[in-house]
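Colleague: Hey, I'm new to this one. Could you walk me through it?

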Amino acid sequence: LIEGRDIQPPKLTCPAPITISTNEESCSASFDIINPSVTDNCSKWFLDITSETGRLNTENTKITELPLVDIYIKFYAKDECENVDSCFQKITVADFTSPVLVTKIDYTIYLDSLGSGTLKIANINEGTYDNCGVIKDIVIRRLATGTKAASNWSSELTFDCDDIISQNNIEILATDDNGNSSNRIIPIFVKDNYSPQITCPANITVTCDKLQELNNLAGNPIV
C-alpha cells in the first residue's frame, strides 16, 4: 500500500517592516494590513492573523489602537493537510504629528504710562495641545519691521511707542516631546491710550505800568 501525503507547509513571505505615525486625534495608530505572499505545492491554504497589541477588525484587514511601541503581526498559513507556516511583520509606531496651535487671531497691546507694553505667551495661547499630550516648549518672536530687526525666540516680548505706527507681526512656535512643531503668524496692534500730562507754570501777577512780553510771560509748561 502506497499512500501519498502532503507534508510540505505553505511558504509565506511577510511584508517588510514599516514605520507609521500616530493619528492626529489620539496618541495611537491605525494600519491597513498587507497580506503576505503565500504559495503551496499542492493544496489549498488558509490565512490567519494575530497580534498581541491593538485591535483587529473582524475581517482581519485593519488593526487599530496601536500604541507608541514596536508591534509584531503574526501571519499563519495552513493547508488542507494541516501543515502550517508562519512569519512576522514588524510595525514601528512613532509620533510624527505636529501640535495643534489654538491661539488668538490677533492681539492688541496697550502701552503703560512709561510707553512700554509686554506680550506674554499666555496672552495669545488659548489651549494649544498635542495628540500625545506633551507640549515641550512654546516660544514667540517678533518679525522684522521697517524700523526694527527680528527678535530672538523668547517667552515674552516688549513693545514701545515706536511700534504704534509699525505693522507688527509675531510668530508663535509650539514643539512637542518628539520634536514635531507648529508655527503661526499673529498680527499685534500697539496702542497708547494715555493722554499727555501737562504741568502749567506757576501763577504770576503783572502790573499795568510795565510792558510785558506776552510770548514769554510766565515760562513754558512741562509736558
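Modeller: Sure. One term before we start: two strands count as paired if DSSP finds at least two bridges between them. Also keep in mind that this is a predicted model.

Colleague: Okay, so how many bridges join E2 to E9, and which way do they run?

Modeller: E2 and E9 are joined by 4 bridges and run parallel. One example is Thr19, whose bridge partner in E9 is Thr92.

Colleague: What sheet do those strands belong to?

Modeller: An open sheet of 4 strands, in the order E2-E9-E8-E5, with mixed pairing. E2 (18-21) and E5 (45-51) are the edge strands, each pairing on one side only. From one strand to the next, the twist averages 30°.

Colleague: What holds strands together in a sheet, in general?

Modeller: Backbone hydrogen bonds, and the strands can be parallel or antiparallel.

Colleague: And how do E8 and E9 run, parallel or antiparallel?

Modeller: Antiparallel, with 9 bridges between E8 and E9. E8 and E9 form a hairpin with 4 residues between them, and Glu82 in the turn has a positive phi of about 70°. On the other pairing, E5 and E8 are also antiparallel, over 7 bridges. There, Phe46 has Lys78 in E8 as its bridge partner.

Colleague: Which side chains of E8 point to the buried face?

Modeller: Ile71, Ile73, Phe75, Ala77 and Asp79 point to one face and are buried. Asp70, Tyr72, Lys74, Tyr76 and Lys78 point to the other face and are not buried. Phe75 also stands opposite Cys87 in E9.

Colleague: Speaking of Cys87, which cysteine is joined to Cys87?

Modeller: Cys14, through a disulfide with an S to S distance of 1.9 Å. Cys14 sits in the loop between strand E1 (11-13) and E2, while Cys87 is in strand E9, 73 residues apart. Both Cys14 and Cys87 are buried.

Colleague: How many disulfides are there?

Modeller: The count comes to 2 disulfides. The other pair is Cys27 and Cys132, with 2.0 Å from S to S. Cys27 is in the loop between E2 and strand E3 (29-32), and Cys132 is in the loop between helix H1 (121-124) and strand E12 (135-142), so this link ties together parts that are 105 residues apart in sequence.

Colleague: Why does Cys27 count as partly exposed?

Modeller: Because its relative accessibility is 27%, and partly exposed covers the range between under 20% for buried and over 50% for exposed.

Colleague: Switching topic: how many salt bridges does the structure hold?

Modeller: It holds 9. One of them takes us back to the hairpin: the side chains of Glu82 and Lys78 meet at 3.6 Å, N to O. Glu82 is exposed, with a relative accessible area of 54%, whereas Lys78 is partly exposed at 35%.

Colleague: What about Lys148, which residue does Lys148 form a salt bridge with?

Modeller: Asp163, with the closest N and O atoms 3.2 Å apart. Lys148 is in the loop between E12 and strand E13 (156-160), and Asp163 is in the loop between E13 and strand E14 (168-176), 15 residues apart.

Colleague: Is Asp163 buried or exposed?

Modeller: Buried, with a relative accessible area of 0%. Its partner Lys148 counts as partly exposed at 21%. Lys148 and Asp163 also belong to a network of salt bridges that links them with Arg142 and Asp160.

How values were computed
Residues are numbered from 1 along each chain as its sequence is written. This is a predicted model: local features need pLDDT of at least 70, side-chain atom pairs count only at pLDDT 80 or more; totals for chains, interfaces and linings use all residues. Side-chain values use heavy atoms; hydrogens and water are left out. Helices (H or I, at least four residues) and strands (E, at least two) are DSSP runs, numbered from the N terminus. Axes are lines fitted to C-alpha atoms, for helices over the stretch in contact, and angles run from 0 to 180 degrees between N-to-C directions. A disulfide is a pair of cysteine sulfur atoms within 2.5 Å. Buried means under 20% relative accessible area, exposed over 50%, partly exposed in between (1.4 Å probe, protein chains only). A salt bridge is a side-chain nitrogen of Lys or Arg within 4 Å of a carboxyl oxygen of Asp or Glu.
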